[in-house]
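Please examine the sequence and the three-dimensional model shown here. The paragraphs that follow lead through several of its features in turn.

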Amino acid sequence: MCGIVGFVGESHAKERIVDGLKRLEYRGYDSAGIALPIGGKIQIRKHVGEIRNLEQIIADDNFDAPMGIGHTRWATHGAPSDVNAHPHGNQDDSIAIVHNGIIENYQEIREWLAREYGVQFKSETDSEVIAHLISIYYDGDLLSAVNKAVEDMRGAYAVCAIAADEPDRIVAVRKDAPLVAGIGRGCNFIASDIPALLKYVREVYFIENNETVVLTRDDITIYNEKGNRVNREVFHVSWDADAAEKEGYDHFMIKEIHEQPKGIRETLLRRVDEEGRINLDGIAMTREGLESFNKVYIVACGTAYHAGLVGKSVIERLAKIPVEVDVASEFRYRDPFVDENTLFIAISQSGETLDTLAALREAKAKGARILSVVNVVGSSVARESDDVFYTWAGPEIAVASTKAYTTQLICMYLIALYMGQTKGVLLQKEYDRILNELRALPEKVEKILTQEEQLAFLAKKYHHKEHVFFIGRGLDCGVSYEGSLKLKEISYIHSFAIAAGELKHGTIALMDPDALVVALATQDSLYEKMVSNIVEVTARGARVIGLAKDGRNEIEQIADEAVYIPECADEVTPVLTVIPLQIFAYYVAKERGCNIDKPKNLAKSVTVE
């Protein structure tokens, strides 16, 4: 969630740090700050609110240095405020730190520091204890002090520290929170994510768990937890930073909705050759290996979890393997039955979702084979998996995920097809049918995008509704969860999704003229049952937007509004059905004047539990 940027070079650290922080705004934040060594002390400036607030208080040309650290904070311990913003310093501001993550035993450390050293704390944060810990261990060697402080800390963190007495180096340490070092010419960078660095560098080192890194203007040195130097392979970042620009769209979200045909094409083209063979790029799945799995676990959070719900259906249907889908934050606390005969599939857009990463590690420790579906090359989830299936969605900036979700769905279909064919349980005719349906999706998504004006009209008509229900059956049920999430996270409307067959078991009591129901009826085999459900809610006064396939015009007779998707096989409808739901959510939020790309209280990459 929070963002870290550090720079050490010849001059003008302020400009580079602030620019990097702006490129991390997509992660979500409520305050920003910067620390620079000036005049024998660490000068700290920080301000609640947007980065432009910070820029106003650091406009003085005298506030600059060749080195410094910066931070965008998303509040966990302590409300958003100037004093709780990062960076944090020790008593005399001779040490400063920025921190992503949570120090679980911070209260214990805080009490000890106050009792034994008389430390007086300025903030309510867990992070401030790190600066004071480093300070009491500091004897002129910042690296040694950081290493000693880490021994006292429990939790997840990426920490960058600077000292007034060492104005030429940054020391950083990582445990369960992302950190990447950028290799410049006569300068070096440290950051929590690659986009912060792309304006200046293309060569990076990924810092691994329990590693410490020391940056000077001429060198980057990485140490493992035993203090031994690590030789790390340089990673070249090939994707274009310009992909993160809005290109004339009002918001990143609507731009990324329109990029979905391209993302789907890219994901298919990189995995399926002209003869229809699925290429897994080094993912070794033999028939014997697949037959050894007695269960598949799909574990994810939020939107990725909803992709997993669709993945469960298609893997069970095409590969004939039982699949269980679990929310990552619950998975490791219920002692799941996982062993060497389990295939564990982790889905994460960022590859840094802490709950998913923790669940992955739990499953790996129990012997499971780990296959990850991620969008970010070199991310933590990707690096800690046995096999990686990249989605090729490109950079996704808006907090509300759109193109990452649809490309995750494509990956789940390809994995299911490959598994079914390799096991010999999927007939070639069926394999070809589904693959041809997938190949036709980009053009069909483009057709749906031409309905944007209609969906904007519906949003204008219904944006005042404060209670919206999404219902569906079969694959439509999983998509209804995602449609509901999109609406609530960017418009702040109370939105609720439920399997349509469950309406009579309680939820129908909420149906009245104030309710809006979005009814997904794209499954041919369940269409008549969905018609009955729509009639049930309209009989109680609720307004209904019905989604169906082209040709199902009778839905106009029972629903107040009708939206259509192109004709396709039932199995692949989720990729199409979600598009109008995304567009509708976008325009509802726009009508309500919401901050669409950066909704309140949310962040792109959730790196705390």
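Why does Cys-411 form no bond with the closest cysteine sulfur, in Cys-301? The model is a predicted one, and in it the two sulfur atoms lie 18 Å apart, which is too far for a bond. A disulfide is a covalent bond between the sulfur atoms of two cysteines. The cut-off applied here is a sulfur pair within 2.5 Å. The structure as a whole holds zero disulfides. Cys-301 is likewise in no disulfide, and the cysteine sulfur nearest to Cys-301 belongs to Cys-2, at 17 Å. Cys-411 is also buried, since its relative accessible area is 0%.

Attention may now turn to a sheet. Five strands form an open sheet in the order β17-β16-β18-β19-β20, and their pairing is parallel. The edges are occupied by β17 (323-327) and β20 (387-390); each has a single partner strand, so one side of each is left without a neighbour in the sheet. From one strand to the next, the twist averages 20°. At the β20 edge, the pairing can be followed to individual residues: β19 (residues 369-374) joins β20 in the parallel sense over four bridges, and Ser-372 has Val-388 in β20 as its bridge partner. Helix α9 (residues 302-319) packs on this sheet, where it touches β16 (295-300), β17 and β18 (342-348). The direction of α9 makes about 175° with that of β17.

A helix elsewhere in the chain illustrates burial. Helix α4 (residues 128-137) is mostly covered, with seven of its 10 residues buried. These buried residues are Glu-128, Val-129, Ile-130, Ala-131, His-132, Leu-133 and Ile-134. What covers them includes the strands β5 (88-89), β6 (95-103) and β7 (155-163), together with the helices α3 (106-117) and α5 (142-152).

Finally, there is the matter of enclosed space. Searching the whole structure yields two cavities of 30 Å³ or more. The second largest cavity contains about 60 Å³ of space. Its lining is made up of Leu-455, Val-518, Ile-545, Leu-547, Val-563, Pro-580, Leu-581 and Phe-584. Two or more of the lining residues come from each of β24 (543-549) and α19 (573-591). Of the elements involved, α19 gives the most to this lining, with three residues.

Technical notes. Residues numbered from 1 in each chain as written. Predicted model: local features only at pLDDT ≥ 70, side-chain atom pairs only at ≥ 80, totals over all residues. Heavy atoms only, no water. Buried < 20%, exposed > 50% of the residue type's maximum accessible area, 1.4 Å probe, protein only. Pairing = 2+ DSSP bridges. Axes fitted to C-alpha atoms, helices over the stretch in contact; angles between N-to-C directions. Contact = heavy atoms within 4.5 Å. 1 Å grid on protein atoms, 1.4 Å probe; cavity = no way out; pocket = protein on both sides within 12 Å on 5 of 7 lines; lining within 4 Å. Points joined across faces, edges and corners; volume = space filled by probe spheres on them.
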